[in-house]
Amino acid sequence: MSLLSTQRLTKYFGDTHAVDHVDFTVAQGELLALIGSNGAGKTTLVNLISGLLRPDSGRIVFRGTDVTSQSVYGRIRAGIARSFQLVNLFDQLTTLDNVALAIFSREGKTRNFAYLADHDPKVRQEAKEVLQQFGLENKAGMLAGGLAQGERKLLDVAVAVALRPKLLLLDEPTSGVSTREKAPIMDIITAIVRSEHITAVIIEHDMDVVFKYSDRIVVMHQGTILADGTPDEIRTNDQVITTLIGTQASV
Amino acid sequence: MNQNHTLNTSIPRFPWKVLGYAGPVVVLLLVVPFVADYVKDPYQTILLSYGLIMGIAALGFNLLLGYTGLLSFGHSAYFGMGAYAVAFSVKYLHVTSMEVFLAGGLVATVVVSALFGFVCVRYTRIFFGILTLALSQVLWSLAFKFFWVTGGTDGLRVPTPTLLGGMIKTSQDKVIFLSHAYYYYVLIIFFGCVAVMWVIVNSPFGKALQAIRDNEIRAEFVGVQVRKYRFVAFLISGAFTGLAGALWAPLNGLTTPDILYWPFSGEIVFLTVLGGFRTFAGPIIGAVVFNYLKTYAVGYTVYWQLLLGAVLVTLVLSMPLGILGTVSRLWLKLRKSR
């Protein structure tokens, strides 16, 4: 059963067809990798699904409801969360507060200005548990701006996970981190996604990461979907190999 | 670790701890009238009242600048609205009760803040600043041109009011009234405003504002409705500033269009930056210090604006974190070196 589907989704930037009549589905519970060369339209597609961009035409259906015209807020309430390619955190807040804010928001408590946020033991406990899942419990009191890049990447995902989404969109969760750090980061993220039964779409350039962790791979090229299949199917897809040679060393 | 990290971690998290730090200051503020009487200089108490009132305005202003990341150049509008609401209620409704003044000032300011905020929070950065400036100048020109209503440049007189529902009557000696009963009245409201603002900035709502300040897009993607929250912050900020204006009018005894004019907005920005807008108490300290600086600069030279300008440039260059920010930093360095 598909959790999300797009129907002829289109986004142009001037003459560039960033996303061109894309029909795309994500099944409940899967970990889907979205790959393609730079400019293929991966991030634009994620931006359209998350509500950062408005499509020029087409529909986005999430859990049977058309969310195409919904605001970012509406989509988050519906269960779509995301992380960003360039880490987007609240640098002047502590690591714990970054996660706690997502929990406050999820529970509709950010409207409340009549009590101290630090005096909400339930939220603080849950935030600590989320940080623990991501191995960041020792950084709880540190300002997010002071974390190392790998930790910032993890916190970015932790903030999204704290919203308890049904669909998690991860835009290059290992970009900007050393090769040595990639596998541990992906191990943590995938373990949490699986244990929390979150459906995830991951944009990734590192093919080792893609083939190791994903259930299904969608290949984009020039705004359209070039191929869609299991890692083994994609690995042996001639069209994919031909198209991506030159941009990736090998598939 | 950059300087902002140092600053933020230095903000105490528990009110009791803060009260421990603030205790001596509270005692000092309580005994000021006695000391001033002892040295036969009640004017110092009145001067401090001005500082505390500007401190309330600065607290309100800093909710936007320090906590939401919005620089308003139009806070004279809300301060002036609070003051004019008091002056109008004296002239046209013959009200003498301070509580009615405050209620009227708050209502008028919230209405104006809601109207201006509805327009302004759609924009950020320089566009927000210019819009707030432009709208405040609309109020100034109305006060200036509709002189048959507002008194024009002559302004409107505001006599000393009765306090606590008439329990404390107006004294014959205005200086005694202002330096005692009215000072304590201002002081209690000041303490109330500080406590309320402390809770607001440390509440989940306050955290959401700080999130908007740090990263607007990310805030939206954790489910914070950015424009709505900015609007509420704008309203609260305006209400605090309007309350300050309502307290200021009886103290000053005269409400003129000067307090609606843009240089007054500049003063609020000045004193907030002077004290340190990245700290909670910085704007209050800036307000009190600025008030003394201005008073003595005015008495010292006719070129007082030049003097204040030079002081500001020097302070911004030498202490970009403001007075409290710099002191906090030095204190932390000292503690680390031990």
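Which residue takes a positive phi in the hairpin of β1(A) and β2(A)? In this predicted model, the residue is Gly14(A), with a phi near 65°. The hairpin has 2 residues between its strands.

The two strands of this hairpin pair in the antiparallel sense. Strand β1(A) covers residues 2-13, and 8 bridges link this strand to β2(A). Two positions show the register. Ser2(A) faces Ala27(A) of β2(A). Lys11(A) is set opposite Val19(A) of β2(A). The hairpin belongs to an open sheet of 4 strands in chain A, ordered β2-β1-β4-β5. Pairing in the sheet is antiparallel. Strands β2 (16-27) and β5 (65-66) of chain A form the edges. Each has a single partner strand, so one side of each lacks a neighbour in the sheet. Strands of a sheet pair through backbone hydrogen bonds, either parallel or antiparallel.

Chain A as a whole contains 9 helices and 10 strands. Its radius of gyration is 18 Å, close to the 18 Å given by the globule rule for 251 residues, so chain A is as compact as a globular protein of that length. The C-alpha trace of chain A spans about 55 × 40 × 35 Å along its principal axes. Buried residues make up 48% of the 251 in chain A. Sequence-distant contacts were also tallied. Of the chain A contacts between residues at least 6 apart in sequence, 66% join residues at least 24 apart.

Confidence was examined for chain A. The average pLDDT is 87, and 97% of the residues of chain A score at least 70. Among the elements of chain A, helix α3 (residues 95-106) has the highest mean pLDDT, at 94. The lowest mean, 79, belongs to helix α9 (residues 238-244) of chain A. Where pLDDT is low, the predicted coordinates should not be read in detail.

The largest nonpolar core holds 171 residues. Val99(A) and Ala158(A) touch the most other members of this core. Helix α3 (residues 43-68) of chain B gives the most to the core, with 15 residues. Beyond residues up to four places away in sequence, Val99(A) touches Ala127(A), Val130(A), Leu131(A), Ala158(A), Val159(A) and Ala162(A). In soluble globular proteins, nonpolar side chains tend to be buried together.

The contact between the chains takes 32 residues from chain A and 27 residues from chain B. On the chain B side, the elements that give two or more residues are α1 (3-10), α9 (181-202), α10 (204-214) and α11 (216-220). Helix α10(B) supplies the largest share of that side, 8 residues. By class, the side of chain B that touches chain A has 11 nonpolar, 11 polar and 5 charged residues.

A loop position in chain B was also examined. Val121(B) lies in the loop between α5 (98-120) and α6 (125-145) of chain B. Is Val121(B) buried or exposed? Val121(B) has 23 C-beta neighbours inside 10 Å, and the cut-off for a buried residue is 20 or more, so Val121(B) counts as buried. Its contacts, not counting residues up to four places away in sequence, are Arg227(B), Arg230(B), Phe231(B) and Phe234(B). Leu164(B) lies 43 residues from Val121(B) along the chain, and their C-alpha atoms are separated by 37 Å.

Notes
Residues are numbered from 1 along each chain as its sequence is written. Chains are lettered from A and ligands numbered from 1 in the order in which they are written. This is a predicted model: local features need pLDDT of at least 70, side-chain atom pairs count only at pLDDT 80 or more; totals for chains, interfaces and linings use all residues. The radius of gyration is taken over C-alpha atoms; the globule rule is 2.2 Å times the number of residues to the power 0.38. A residue is buried if 20 or more other C-beta atoms lie within 10 Å of its own, exposed if 12 or fewer, and partly exposed in between; C-beta atoms are placed from the backbone. Two residues are in contact if their C-beta atoms, placed from the backbone, lie within 7 Å. pLDDT is the predictor's confidence in each residue, from 0 to 100. Ala, Val, Leu, Ile, Met, Phe, Trp, Tyr, Cys and Pro count as nonpolar, Asp, Glu, Lys and Arg as charged, and the others, Gly among them, as polar. A nonpolar core is a set of buried Ala, Val, Leu, Ile, Met, Phe, Trp, Tyr and Cys residues joined through C-beta atoms within 7 Å. Two strands pair if DSSP finds at least two bridges between them.
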